[in-house]
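Trainee: I should like to go through this structure and ask for the reasoning behind each description.

Mentor: Please do; each term will be set against its cut-off.

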Amino acid sequence: MSVEAVSQNLSHGGRQTVCRHVSRETGTEMTFAVFVPDHAPGAKLPVLWYLSGLTCTHANVVEKGEYRRACAEHGIVFIAPDTSPRGDEVPDAEGYDLGKGAGFYVDATEQPWAANYRMRSYIERELPDLIAQNFPVDMNRQGITGHSMGGHGALTISLRNPGRFRSTSAFAPIVSPLHCPWGEKALTAYLGPDRDTWREYDACALIENGARLPDLLVDQGQADNFLDTELKTHLLDEACRKADIPAQIRMQEGYDHSYFFISTFMGDHIAWHAERLKS
């Protein structure tokens, strides 16, 4: 699978690259960002996936996430995919919470979304194969994190793929799309009205159904405007407690939903992942 480098920049001794390729899953051109720290020739480095939230592309975390210093220190490759397919022929909707920029990391089954909105298969299968073929990565040492909609993606992808990720964390994740307006709107559109089909895209439902993580780190701002209506962090806390999943769910006083919040705790998360990604 061929990859084109759109841009390359040196940072903290490593290389920040933005790439594009034609995706078999989405039927579109897709863009993603990869930071590869300085490393010895022939070395294979652990990987941390970062999934972005509603309205975002790869560029939000690249420009505002402040991850490169920590990744360079710990020797971790950082990968930031887009949040949806793009292009003039790709279906879209009015509003920010459905369509382009709002793929919800699902494989859509309903029209007009089914042909292109296959972000689950893109993130779980296609992009990892492409990364393994083109970058110096050790795919036996993967971690995953994300923000908001991307936190939902990180949690559900890790829960559905036991053993693939050594570490899982999230910033202000949507923990139960079954129980919030964002999730109800998106999953109804992409998957149809049968709520049973939604459960594989709901972290709390997956845990209730028996999926487990060895441990978990979540940071959530207490001043987040979306906390009570969309994120409902307490539901994840309750699910982890019932399932005996060791979870650090840290409520951060005064912090909101923005990248000011994410960048503040990004270094903590990378260090936490690094401990679990050691060879």
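**Reasoning from values to terms**

Mentor: Let us begin with Tyr122, which touches His21, Ser23, Glu25, Met30, Phe32, Leu127 and Pro128 when its neighbours within four places in sequence are left aside. Tyr122 belongs to helix H3. Please keep in mind that this is a predicted model.

Trainee: What makes Tyr122 count as buried or exposed?

Mentor: Buried means under 20% relative accessible area. Tyr122 has 0% relative accessibility, so the residue counts as buried.

Trainee: How far apart in space are the C-alpha atoms of Tyr122 and Gln111?

Mentor: They are separated by 19 Å, with these positions eleven residues apart along the chain taken as their spacing. Gln111 is also one partner of a cis peptide bond, the other being Pro112.

Trainee: How do you know that the bond between Gln111 and Pro112 is cis?

Mentor: The omega angle of that bond is about 5°. Pro112 itself sits in the loop between S5 and H3.

Trainee: What is notable about the backbone of Tyr105?

Mentor: Tyr105 is not a glycine, yet its phi is positive, at about 55°. Tyr105 also lies in the loop between S5 and H3. With 0% relative accessibility, Tyr105 counts as buried.

Trainee: And what makes Asp244 count as buried or exposed?

Mentor: Exposed means over 50% relative accessible area. Asp244 has 67% relative accessibility and therefore counts as exposed. Asp244 has a positive phi of about 60°, although it is not a glycine, and is located in the loop between helix H8 (233–243) and strand S9 (247–252).

Trainee: Why is Arg15 called partly exposed?

Mentor: The term covers values between the 20% and 50% limits. Arg15 has a relative accessible area of 38%, so it is partly exposed. Arg15 is in strand S2 (residues 14–22). Apart from neighbours within four places in sequence, Arg15 is in contact with Gln8, Asn9, Leu10, Val34, Phe35 and Val36. Arg15 and Val36 are 21 residues apart along the chain, and their C-alpha atoms are separated by 5.3 Å.

Trainee: Why is Asp92 called partly exposed?

Mentor: Its relative accessible area is 44%, so Asp92 is partly exposed. Asp92 is placed in the loop between S5 and H3. Beyond its neighbours within four places in sequence, Asp92 is in contact with Leu98, Gly99, Lys100 and Trp113. Asp92 and Leu54, 38 residues apart in sequence, are 14 Å apart in space, C-alpha to C-alpha.

Trainee: Trp113 also has an aromatic partner in Tyr190. Why is that pair called edge-to-face?

Mentor: Planes over 60 degrees apart count as edge-to-face, and ring centres must lie within 6.5 Å to pair. The centres of Trp113 and Tyr190 are 5.4 Å apart and their planes stand at 90°, so the pair is edge-to-face. This pair links distant parts of the chain, 77 residues apart: Trp113 in the loop between S5 and helix H3 (119–134), and Tyr190 in helix H5 (residues 181–191). Both Trp113 and Tyr190 are buried.

Trainee: How many aromatic pairs are there?

Mentor: The count comes to 13 aromatic pairs. One of them, Tyr67 with Phe78, is stacked.

Trainee: How do you know that Tyr67 and Phe78 are stacked?

Mentor: Planes under 30 degrees apart count as stacked. Here the angle is 10°, with 3.8 Å from centre to centre. Tyr67 lies in the loop between helix H1 (58–64) and helix H2 (68–74), and Phe78 in strand S5 (residues 77–81), so the pair ties together parts that are eleven residues apart in sequence. Both Tyr67 and Phe78 are buried. They form one aromatic cluster with Phe35 and Tyr50.

Trainee: Turning to the whole chain, why is it described as compact?

Mentor: The protein chain has nine helices and nine strands. Its radius of gyration is 17 Å, close to the 19 Å that the globule rule gives for 279 residues, so it is as compact as a globular protein of that length. Of the 279 residues, 60% count as buried.

Terms used: Residues are numbered from 1 along each chain as its sequence is written. This is a predicted model: local features need pLDDT of at least 70, side-chain atom pairs count only at pLDDT 80 or more; totals for chains, interfaces and linings use all residues. Side-chain values use heavy atoms; hydrogens and water are left out. Helices (H or I, at least four residues) and strands (E, at least two) are DSSP runs, numbered from the N terminus. The radius of gyration is taken over C-alpha atoms; the globule rule is 2.2 Å times the number of residues to the power 0.38. Buried means under 20% relative accessible area, exposed over 50%, partly exposed in between (1.4 Å probe, protein chains only). Rings of Phe, Tyr and Trp (its six-membered ring) pair if their centres lie within 6.5 Å; planes under 30 degrees apart count as stacked, over 60 as edge-to-face and the rest as tilted. Contact means heavy atoms within 4.5 Å.
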